[in-house]
Amino acid sequence: MLALSVLIGRLGRDPEVRTTQSGQDLARLSLATSRRVKRDEEWAELTEWHDVTLWGQPATFAGEAAKKGDLVLVVGEPRSRSWEDAQGSKRTAHEVVVGGPQHVFKRLAGTGEGAVAAREESAESREAPAAPAPAPRQARPRPVRPMAELAEDVPF
C-alpha cells in the first residue's frame, strides 16, 4: 500500500538543515496551506500548518534553494509519531516525510528572501552578453499516406 500527501503552500520559515551521524542530510520545515470558506455570507481564508521532514537530496536542495515565503510543492508520506513528554503527557506529532523514490520537494515560486537573490542573479545574467542560441532542430516531414492505403489497414 502507498499513502501520499500532496501539499502546495508557502514556507513559514527557512528550512532547518543538519547532517546526521551517518552523513545524510535532514531538513525540517513548516508549510502553510490555505483555503477559502464562506462564513455568514463572507469569505474567510483558513490557514493550516504542516510539519515536513526531508531526507537526502531533497533536504540538501531545500537548504540551498528554499527560503521563508517561497511557494513549494511537497509530495511525501504522512506519518504520525507519539511520545511521552517530561510531565508524563502523551504527545503526538503528524508530519509529511519526503525521501522516497515517489516523493517530491520542488520550489515553485520564490517570493521570500531566496527570491530576491535569484532575481538579482537573473538580472546579472541578462546584462552579460549572451552566446548565440543554437539553431532549433527542424522536424522532418512525415510522408503522408493516401486514404486508399489507410483503408487497407482497417482489420474489418
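Which residue in strand 3 is the bridge partner of Thr19? In this predicted model, the partner is Asp25, and that pairing is a good place to begin our walk. Thr19 belongs to strand 2, which covers residues 16-19, while strand 3 covers residues 25-39. The two strands run antiparallel and are joined by four bridges. Five residues separate them in the hairpin, and among these Gly23 takes a positive phi near 95°.

Stay in that loop for a moment and look at Thr20, which sits between strand 2 and strand 3. Its relative accessibility is 17%, so Thr20 counts as buried, the cut-off being under 20%. The side chain of Thr20 makes a polar contact with the side chain of Ser22, at 3.0 Å. Setting aside neighbours within four places in sequence, Thr20 also touches Leu26 and Trp55.

Moving along strand 3 brings us to Leu31. With a relative accessible area of 0%, Leu31 is buried. Beyond its neighbours within four places in sequence, Leu31 is in contact with a list of residues that includes Leu7, Leu11, Trp49, Val52, Val72 and Val74. You can also find Asp51 here: its C-alpha lies 6.4 Å from that of Leu31, although the two are 20 residues apart in sequence.

Val74, one of those contacts of Leu31, leads us on to strand 5. Strand 5 (71-84) has several partners to visit. Strand 1, made of residues 5-11, runs antiparallel to strand 5 and is joined to it by six bridges; here Ser5 stands opposite Gly76. Strand 7 also pairs with strand 5 in the antiparallel sense, over five bridges, and Val74 has Phe105 as its bridge partner there. Finally, eight bridges join strand 5 to strand 6, again with the strands antiparallel, and Glu77 stands opposite Val97.

Strand 5 and strand 6 form a hairpin too, with five residues between them. In this turn, Gly88 has a positive phi of about 90°. Asp85 lies in the same loop, between strand 5 and strand 6 (90-98). Is Asp85 buried or exposed, and what is the nearest side chain of opposite charge? Asp85 is buried, and the nearest such side chain is that of Arg91, 4.3 Å away. A salt bridge needs the charged atoms within 4 Å, and Asp85 has none. The side chain of Asp85 does have backbone nitrogens around it, however: a polar atom of this side chain lies 3.1 Å from the backbone nitrogen of Gln87, and one lies 2.8 Å from the backbone nitrogen of Ser89.

To finish, let us go back to Phe105, the bridge partner of Val74. How many aromatic pairs does the structure hold? There is one. It consists of Phe61 and Phe105, whose ring centres are 6.1 Å apart; the planes meet at 65°, so the pair is edge-to-face. Phe61 lies in helix 1 (residues 57-65) and Phe105 in strand 7 (residues 104-109), so the pair ties together parts that are 44 residues apart in sequence. As for accessibility, Phe105 is buried at 10%, whereas Phe61 counts as partly exposed at 27%.

Key:
Residues are numbered from 1 along each chain as its sequence is written. This is a predicted model: local features need pLDDT of at least 70, side-chain atom pairs count only at pLDDT 80 or more; totals for chains, interfaces and linings use all residues. Side-chain values use heavy atoms; hydrogens and water are left out. Two strands pair if DSSP finds at least two bridges between them. Rings of Phe, Tyr and Trp (its six-membered ring) pair if their centres lie within 6.5 Å; planes under 30 degrees apart count as stacked, over 60 as edge-to-face and the rest as tilted. Buried means under 20% relative accessible area, exposed over 50%, partly exposed in between (1.4 Å probe, protein chains only). A polar contact is a pair of N or O atoms within 3.5 Å; within protein, one must be able to donate a hydrogen and the other to accept it, and residues adjacent in sequence count only if both atoms are side-chain atoms. Contact means heavy atoms within 4.5 Å. Lys and Arg count as positive and Asp and Glu as negative; His and the chain ends are not counted.
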